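Work through these exercises on aromatic rings. Try each task before reading its solution.

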Amino acid sequence: MKRQNPIVTGVSAFFTVEHNTVKLELRIMSEKFSEILYGFEVLPREQQPPWDRVKGVEAPETWKFREVDTGVQFFTTRPVTRGQFVFTLEVNEKVSQSITLCLINKNHQIIGVVMSKKKPAPFKIDIEAIQFNHDTSSLRNDAMNIRKDMKTEVIIPEWKKGAKRPEDSPAAYALEETKEESITIKAKFVMTPYPTGQFFIKAEDGGVLGALASRVVKFKNGISQPEFVSFKLKSHTIGKNGIQREDIQWKWKYRAVGEKEWHDMRTTAHRIYIVLREPGEPWKQQPFPDSQNPWTAVLEYACTWALNEKDADTASGKVTAAVNSLPGIKYDIVRGSTNYAFGSQFDLSKFLERLEGGTGLGEKVNCTDCAAIVSTFSNMLGCSLWQSRMGHTFRCNKVVVIGYTNWAVPFDWGFSYHEVAWKDECAENDSLFDACLKVDGDNDPTSPPHVPLLPVDIPFFIPGSVKYKERLVAPISRPYCKPLSDTRKRRVVR
Amino acid sequence: MNEKGFRNTIKESYGFDSWAGSISGEEHEFIWNFFMNGRESPGWNLAESMDYGVEKERNMTRYLWKKEKEEKEKEKEKEMLILVDVIETPSLLDSHEAVIDFISECQAPHLPEGKSHGIDVGDISFLSHGEPISSILFARGNLALSVRSVGSVDVAVDEFAQNVDYYLSEKPPPSDVEDTPGIEEFESECSCIRLHEKVALKIKVSDPLKGRLRYKFFSTGGKIIREKDTIFFYPFSVGKHEIESYVINEEDLACSSVTTVEVVP
């Protein structure tokens, strides 16, 4: 017949189970055991229903454990005083809602039992995914349609659990189109181990996108309802500092409704680009996905070159200056041949490879390449430049071509044509940007001294003043050098 | 002025009408499905082929060549690169138009003609300014090519261009090894045609390697053109004209065949 042991008061115990591991917490709350309690046993036969076997795994400092019968005995050599002790056991079978502990005295005789109660598992909420571009038909209330490069798309949701680097979660916003609009992101959450409930969720920090104010999120079947929950970017600073490229992070937190304490969920990292307005051609928002959607590989350079600029012309000027001073590219002084651009295409992928220090298509460029580079990178920022020619066949003043430092007349004579990044109609009084060469910027561009001037936002020709044409074209050829506006184009990127 | 107007002025200044449609030798050549396989110029490695697709019946491919590693090391990591642009066109005249397109993309005001500098490459060629000759544009049959040094070290490209041109114009000796492609059928759609008519050439080949094949056609009696995917012979004179065909695989294994077309008044 089974022996009945007395239930002991003043001692309590709780446990949690994860797989086969039981974490047992013993709390001695009364001094009355100070001289008599030396440990406890967990015996399979005392459990409901009985177990086959239990093993000790770990005991607190000053405690030991040993096998007894098919169970385990945890004991000390001194009597146990008030305190809280945690033990680890291994049980290879289903554990019910309670575990019976048999308390023992100095002689390891059972002096009573304590029923250890199972602790409820703590709930946990985690973020699964974030959508910045949740409406691919518009860029007014969310991020715009982008891709990484010619071959690689940016998959929506842009952030998924597991992504660590900010560049793995890119998003781009158009300053003009989002101005005075309500911008939102959407996020998906999961909850374990309970299927339903509601919690407040918020995110701190967020850089240019700002912190996300807390909102209630409901859960059903362990997933947020709706699956992707909207958060308004109420404290964003898009527009404050113009063009941006910023790595941000959100520290996500949650708390149960009715509780005060916020719990850390996870920190997510993102790379955010801010451009002035929807990128101009060749970049397109529709269709999506498409090879002509803005590339983050280009945003990376364009936003860095024109960081903090708030005006399209100034931004184009910064791009022009950056291109003109790029290492690794040089004017083709033997033929002046187009290299990265060809016909209606611009091999942007190869140019980016060159920018990254690779071979690309080599170092040689000409004016057409420079015009394609400046307009393609500027238009990414929301500018509206064309690639257009002037000409044809004209003598030049001395200039400094890209990649060189000396003043010289190109090909000892001049150009058969010249191409630049040009605004509006690419006509005489329209301004242009030329990264291919520096002209003489003083009052007499035909003779020394030569003052280098990078042509940035300068009209081609204004009667009675010294503009681009007078600086580039030798006096004898000026009547023959005119804008060839019909040649204006924006080459598709590949 | 639009681009067409600009091209016309380029044509005029380069005397296009005086050389357009002319060939350097006696025999007309037509190359179909051209590709470089890396064997064209010893001492150089074909690093990359880039297909730029078909525009106006022209297929453009770029080939980036790097100096072989040993040589590169001697140059202390300096880049020695040659970029070869090849435009495959449907006809001899169209390849000369493509040469004009190449010239239209050059800012240098007047490129010297190859022959005037003793450079005999292609049916027509134009060189870069100065020494070394680091750029050559030329046409061979229906192909227009641009060969230029694009690395940080300017290299002379005349020898490279001559090697490529030889590769284009040579009649490869037939191979008798197992993997050689075979011509199962090569004949004209009609064995007898009238002068100024064109006749389709039918060619059926077998390829044990099932890889890419390029074709060469030679004729002294007329020109060969492509319309969509059909090759035509266009005779210049009355009489019996032989047309030679060569089929070459990626391993440079070749076979050949001859067909005859009788042209009557």
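**Exercise 1.** How many aromatic pairs does the count give over all chains?

Solution. The model is predicted. Ring centres must lie within 6.5 Å to pair. By this rule, the count over all chains is 38 aromatic pairs.

**Exercise 2.** Classify the pair W250(A) and W252(A).

Solution. A pair of rings is described by the distance of the centres and the angle of the planes. Step one: the centres of W250(A) and W252(A) are 5.9 Å apart. Step two: their planes are at 70 degrees. Planes over 60 degrees apart count as edge-to-face. So W250(A) and W252(A) are an edge-to-face pair. Both W250(A) and W252(A) are buried.

**Exercise 3.** Classify the pair W65(B) and F160(B), then place both residues in chain B.

Solution. Step one: the ring centres of W65(B) and F160(B) are 5.3 Å apart, with the planes at 80 degrees, so this pair is edge-to-face. Step two: W65(B) lies in strand 3 (residues 58-67) of chain B, and F160(B) in helix 5 (residues 158-169) of chain B. The pair therefore ties together parts that are 95 residues apart in sequence. Step three: buried means under 20% relative accessible area. W65(B) has 0%, so it is buried. F160(B) has 3%, so it is buried.

**Exercise 4.** Which charged residues sit over the rings of F218(B) and F35(B)?

Solution. For F218(B), K171(B) lies over the face, 4.9 Å from the ring centre. For F35(B), the charged end of R212(B) sits over the ring, 4.1 Å from its centre.

Notes: Residues are numbered from 1 along each chain as its sequence is written. Chains are lettered from A and ligands numbered from 1 in the order in which they are written. This is a predicted model: local features need pLDDT of at least 70, side-chain atom pairs count only at pLDDT 80 or more; totals for chains, interfaces and linings use all residues. Side-chain values use heavy atoms; hydrogens and water are left out. Rings of Phe, Tyr and Trp (its six-membered ring) pair if their centres lie within 6.5 Å; planes under 30 degrees apart count as stacked, over 60 as edge-to-face and the rest as tilted. Buried means under 20% relative accessible area, exposed over 50%, partly exposed in between (1.4 Å probe, protein chains only). Helices (H or I, at least four residues) and strands (E, at least two) are DSSP runs, numbered from the N terminus. A charge sits over a ring if NZ of Lys or CZ of Arg is within 6 Å of the ring centre and within 35 degrees of the ring normal.
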